[in-house]
Amino acid sequence: MKLILLLLTFFLSAQAYAQQDTEKRSDTGHQERHGQQGGMHGDGHGDHEDGEHGGGHGHGGGHDHEGGMHGGGHGHGHKLDETRLKQFFEPLPESIIDAKKNAALIKLGKKLYMDPRLSINDKISCNSCHSLSNFGVDNESTSPGHEGKRGGRNSPTTMNAALHIAQFWDGRAGTVEEQALGPILNPVEMGMPSEEAVVKKLKAIGDYKTLFAEAFGDEKDPLVYKNVGVAIGAFERTLLTPSRFDDFLKGDKNALNESEKRGLKKFVNMGCVNCHNGAVIGGNSYRKIGLVVPFETSDPGRYDVTGVESDKHVFKVPSLRNIAKTAPYFHDGSVETLDEAIRLMAKHQLGMDHVGHGMIRDIKAFLGSLTAKNAE
Ligand code: HEC
Ligand code: HEC
């Protein structure tokens, strides 16, 4: 009797959960279409209420998630057909900036991104912490900036970042254009003393005078601090990394192998997709780390931005594109391997205490299919 009740409860909550998911997907779709414009969604998230997923997932603990009720990838229960996949995911857009029209701007942005002269001692560029030849990261838990000083957070990748609802782990900058102006003046990053100092330094470099004039031809005084951000942001908008998963979403069923497909199914059926969804598989909502089982961290996260009590330990859900290449993980870079990140996610976000090796192996395989195609 107890068992029947339990099953019934699970069935009902699963139903409610599925419905909720559908609703959320239409929300998310909305956010994504408009997200590029900027920070206007910074406070419009409103979908991270704690416990919202408790119903769907809090049941975790004692069940066998390898097989059993979630279908374990064998297809009974939740079938992963195209319609269902499209509720959760969409392929990366071909482009989000007109590269031809903005060629001069993008060229300038790339030069600035790579240029250590944007830092006080000519040693650190954006590329030092967000290496273009290394998936936009430095693979350090926290990054050494000016004089080797480190901040408290892990460098997220700049790849596909322009598609996020906002920038930084806590979403405190609205756009990549706005974000880019922060690190240059940050004493533990590039350490420049002031906007004026940056402009003065750039004006003394002949190349930049010309490049700014070409990029901002219609402006009287093109070399101003704000335009440094505009140019770097434009360049960052070109950093999209399509993967085999995009081919799969567009209909090429052979783009993923069997293990990757099993992993995808588990990723969806377990509920990872509830937070990691959309075009960049995340990046479009704010959620609490430790939603079901508390997670030890002293970082207040989004609380620092909003001052709202329920935003403590809430972070922007990271994109999972290229995730196999961007270790270490989490906002503080405290998690070294992808296996461990998956295990901790299952436990703390979904209340699943004992996920098996097979589960982790398959999900990891699926996540591997999100690596940039040109890098495989
Ligand atoms: C010393 C290392 C360092 C340097 C130099 C640096 N960054 Fe970062 N970057 C970080 C860290 C750490 C974060 C996360 C900070 C946080 O969330 O509070 C970050 C966050 C970002 C993000 C947000 C990505 C996301 O997913 O939210 C972007 C975009 C970015 N940096 C671009 C740049 C650009 C452009 C430059 C050069 C102007 C730059 N960074 C210079 C370390 C660095
Ligand atoms: C309730 C929302 C939620 C669910 C469900 C969820 N995640 Fe996450 N995920 C997050 C948040 C928020 C973070 C950032 C945590 C932090 O840095 O402290 C994150 C971080 C990660 C990271 C590390 C990313 C990075 O760049 O460091 C991986 C990998 C990941 N999640 C995979 C998964 C997998 C696999 C599942 C399913 C087993 C899952 N997540 C379920 C919200 C969620």
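This is a guided tour of a predicted model, stop by stop, for use in a viewer.

Residues are numbered from 1 along each chain as its sequence is written, while chains are lettered from A and ligands numbered from 1 in the order in which they are written. In this predicted model, local features need pLDDT of at least 70 and side-chain atom pairs count only at pLDDT 80 or more, whereas totals for chains, interfaces and linings use all residues.

**Confidence**

Colour the chain by pLDDT, the predictor's confidence in each residue, from 0 to 100. The mean over the chain is 84, and 79% of its residues reach 70 or more. Next select residues 1-77, where the pLDDT is below 50; beyond near neighbours in sequence, this stretch has 93 contacts in the model. Two residues are in contact if their C-beta atoms, placed from the backbone, lie within 7 Å.

**Ligand 1**

Select ligand 1 and the 26 residues around it, of which Cys-126, Cys-129, Gly-145, Phe-168 and Pro-183 come nearest. A residue is near a molecule or strand if its C-beta atom, placed from the backbone, lies within 6 Å of it. The elements giving two or more residues to this shell are α5 (126-129), α6 (176-179) and α7 (181-185), and the largest share, three residues, comes from α5. Helices (H or I, at least four residues) and strands (E, at least two) are DSSP runs, numbered from the N terminus. By class, the shell around ligand 1 holds 14 nonpolar, 10 polar and two charged residues. Here Ala, Val, Leu, Ile, Met, Phe, Trp, Tyr, Cys and Pro count as nonpolar, Asp, Glu, Lys and Arg as charged, and the others, Gly among them, as polar.

**Ala-180 and the core**

Move to Ala-180, in the loop between α6 and α7. Ala-180 counts as buried, with 26 C-beta neighbours inside 10 Å; the term requires 20 or more other C-beta atoms within 10 Å of a residue's own, all placed from the backbone, whereas exposed means 12 or fewer and partly exposed lies in between. Leaving aside neighbours within four places in sequence, Ala-180 is in contact with Gly-229, Ile-232 and Gly-233. Measure from Ala-180 to Val-228: they are 48 residues apart in sequence and 7.9 Å apart in space, C-alpha to C-alpha.

Ile-232 leads into the largest nonpolar core, which has 71 residues; Ala-231, Ile-232 and Phe-267 have the most contacts inside it. Such a core is a set of buried Ala, Val, Leu, Ile, Met, Phe, Trp, Tyr and Cys residues joined through C-beta atoms within 7 Å. Apart from the largest core lies another, of five residues, among them Trp-169, Ile-289, Val-314 and Phe-315.

**Ligand 2**

Select ligand 2, which 26 residues surround; the closest are Cys-272, Cys-275, Tyr-329, His-331 and Met-345. The most residues in this shell, six, come from α14. The shell around ligand 2 has 18 nonpolar, seven polar and one charged residues. Cys-272 is also touched by Phe-267, not counting residues up to four places away in sequence.

**Backbone details**

Centre on Pro-328, in the loop between β2 (314-316) and α14 (338-350). The peptide bond from Ala-327 to Pro-328 is cis, with omega near -10°. Asn-322 lies in the loop between β2 and α14 too; Asn-322 has a positive phi of about 60° although it is not a glycine, and is buried, with 23 other C-beta atoms within 10 Å.

Finish at Ile-281, in the loop between α12 (258-270) and β1 (286-288). Ile-281 is not a glycine, yet its phi is positive, about 55°. Is Ile-281 buried or exposed? Ile-281 is buried, with 27 other C-beta atoms within 10 Å.
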